[in-house]
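Me: I am new to this structure and would like to know what lies behind some of the labels used for it. Please take them one at a time.

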Amino acid sequence: MRITSLAQYHEAYAESVNHPERFWANIANEFDWIKPFTKVLDWSFDDYSVKWFEDGQMNITANALDRHLKTIPDQAAIVYEPNEPGDEAITLTYRQLHARVCKFSNVLKAQGVKKGDRVCIYMPMIPELAIAVLACARIGAIHSVVFGGFSAQSISDRINDSLCKIVITTDGAVRGNKNIPMKETVDDALLSCPCVETVIVKTRTKTPVAMLKGRDLWWEEEEAQASAECAPEPMNAEDPLFILYTSGSTGKPKGVVHTCGGYMVYTAYTFANVFQYNPGDVFFCTADIGWITGHSYLVYGPLLNGAISVLFEGIPTYPDAGRFWDIIKRHQVNIFYTAPTAIRSLMGFGDEVLEGKDLSSLRVLGSVGEPINEEAWQWYHEKIGQGNCPIVDTWWQTETGGLMISPIAGITPLKPAFATLPLPGVQPILVDENGKEIEGNGVNGNLCIKYPWPSIIRTTYGDHERCKTTYFSTYKGLYFTGDGCMRDEDGYYRITGRVDDVMNISGHRIGTAEVENAINMHTGVIESAVVGFPHDVKGQGIYAYVICEHPTINDDLTRKDILATVARVIGPIAKPDKIQFVTGLPKTRSGKIMRRILRKVAEGEFGSLGDTSTLLDPSVVDSIIAGAQ
Ligand code: 6R9
């Protein structure tokens, strides 16, 4: 399954397009199947349904853990780098990780968790987060990890959407010099979650927490009593593996569902190839497991390949802006995978921070989450990669499960700020507004994919119609990514950003409608409109236009109150960077907000607002401009 030259890439690509079933069956057969599959693919993008390897049975943890016990039992699987640089790093070998996953699987079983049950995981970046994820997969429970920065309200919305019966959390979390409550936030969330029967709490900060009799259990006590043997549950390839909530253009985040077989095959294949992982290499993905990048390239992809995966609890700027570089030295990291926002932020601290740092172990660099600007790309290449590490700019999405358009490290000729070429199995197509294919090179359009790959989204939990309308109805017969894209003269792809109402704030997806709903919950707010605007470090920032019932007496305090409301409803990551109070919003006669105009104002481009003649009241625009300056 390993591509080792450009010619082989082209060969593999051609095979994956001409004989997709044969191509993926060969790769899938490299894994351990409990019952081999005989059918490879069944699909329709018109009445959306995709099934890969559907009559096969397997368990992803048997492939990610048990399989390696025969060959590399004592090699590190996860290297945990704690928040405090002075604290000891903890290594879990494949044997140890296997035993702990089995134990925790038995803990879950003892609490009555069965195949198909949903489990909410709300934890900081500690090894037990990966253990909890894998234990669910082992017994066939569907994990729903909620990023540790989300609010109680966001947790309860997610729990109630998929009716989780158990929540796994910690007493608290440490990030940099901050102590963050976790159990307390879960307790708040559970006030409105009657479906939850049990909460398992791992100790991290020794913060005092409430423990309800009959509901709350300590992880340590339960694990101590559990057996280290637990056979992996046989799963059909198309049984759900996990749900991960992500923002779209409408208000409510949707639960993206991935299934066992295709996700396993695709994440393993892309990890091995794109990063050109060699046995013994140390791989460091800085993403939180609460996002898809952490699921696919911190946990599953690396472990399926028997890799060594670094799990970092802290933040890049604690105790100083050299932390990533110290971790690279400490653990002799060979492959480093991070987000442009982190690169831009660290660039801002100046090159002095890099003095004396030993980055010589690095061989491959990766970027993910948002377009990487050329300046950041060059800095990353020169200062971190010392000019000799390829950068793989990986474009993909929660819905795609794995990397889609990306260079293959050291093999695909690079172009700064380009995701370059589609990986084998990925058939991109650019279309215009009417869904007509834009052929040839040197063109721009909306990015769609015309053929299924093994880890494509299967459904949005509990609402298949929503999945169909969101992804498969904008353009008939195509999966629509929501991204704009350019294909240059050489056929290289460059993702230009979202073309829908989704913002990308520091690589985090946040819907404009979601933030508007949160702002509108603030007392006295009549209406709001939110747009993204270019931000030096975050890539995009959040700009909110807000109409209040009464002229506010203290604008500054009201702004802060609104931020507090947004943090409470969604989480601190969704707090607007700018709030402008307005008396009206630019609306068409049919009542639609013209966001195009608001975006231009947020960008400071007052002179190029375009046609405003269809507005109900064009004078609104003048007063917004006056207030923005
Ligand atoms: C993996 C992940 C998906 C959206 C996607 C796009 C943006 C991700 C990118 C990129 C340009 C890249 N995006 N990678 N844009 N270049 N290399 O981030 O998933 O959180 O679902 O976000 O992120 O806009 O549509 P997710």
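The turns below deal with cysteines, a histidine and a pair of strands in this predicted model.

Me: How do you know that Cys120 is in no disulfide?

Reply: A disulfide needs two cysteine sulfur atoms within 2.5 Å. For Cys120 the nearest cysteine sulfur belongs to Cys164 and is 5.1 Å away, so the pair does not meet the cut-off. The structure as a whole holds 0 disulfides.

Me: What makes Cys120 count as buried?

Reply: Buried means under 20% relative accessible area. Cys120 has 1% relative accessibility, so the word applies.

Me: Why is there no bond between the sulfurs of Cys230 and Cys102?

Reply: The sulfur of Cys102 is the closest cysteine sulfur to that of Cys230, but at 5.5 Å it is too far for a bond. Cys230 has a relative accessible area of 7% and is therefore called buried.

Me: Why is His68 called buried, and what does its side chain reach?

Reply: His68, in helix α3 (residues 60–69), has a relative accessible area of 7%, so it falls under the 20% limit. Its side chain reaches the backbone oxygen of Leu303 at 2.7 Å. Beyond its neighbours within four places in sequence, His68 is in contact with residues including Tyr94, Leu304 and Gly306.

Me: What makes β9 and β10 a pair of strands?

Reply: Pairing takes at least two bridges. Strand β9 (residues 172–175) and strand β10 (residues 178–181) have 4 bridges in the antiparallel sense, so they pair. Gly172 stands opposite Pro181 in β10. The two strands form a hairpin with 2 residues between them, and Gly176 in the turn has a positive phi of about 65°.

Terms used. Residues numbered from 1 in each chain as written. Predicted model: local features only at pLDDT ≥ 70, side-chain atom pairs only at ≥ 80, totals over all residues. Heavy atoms only, no water. Buried < 20%, exposed > 50% of the residue type's maximum accessible area, 1.4 Å probe, protein only. Polar contact = N/O pair within 3.5 Å; in protein donor to acceptor, adjacent residues only side chain to side chain. Contact = heavy atoms within 4.5 Å.
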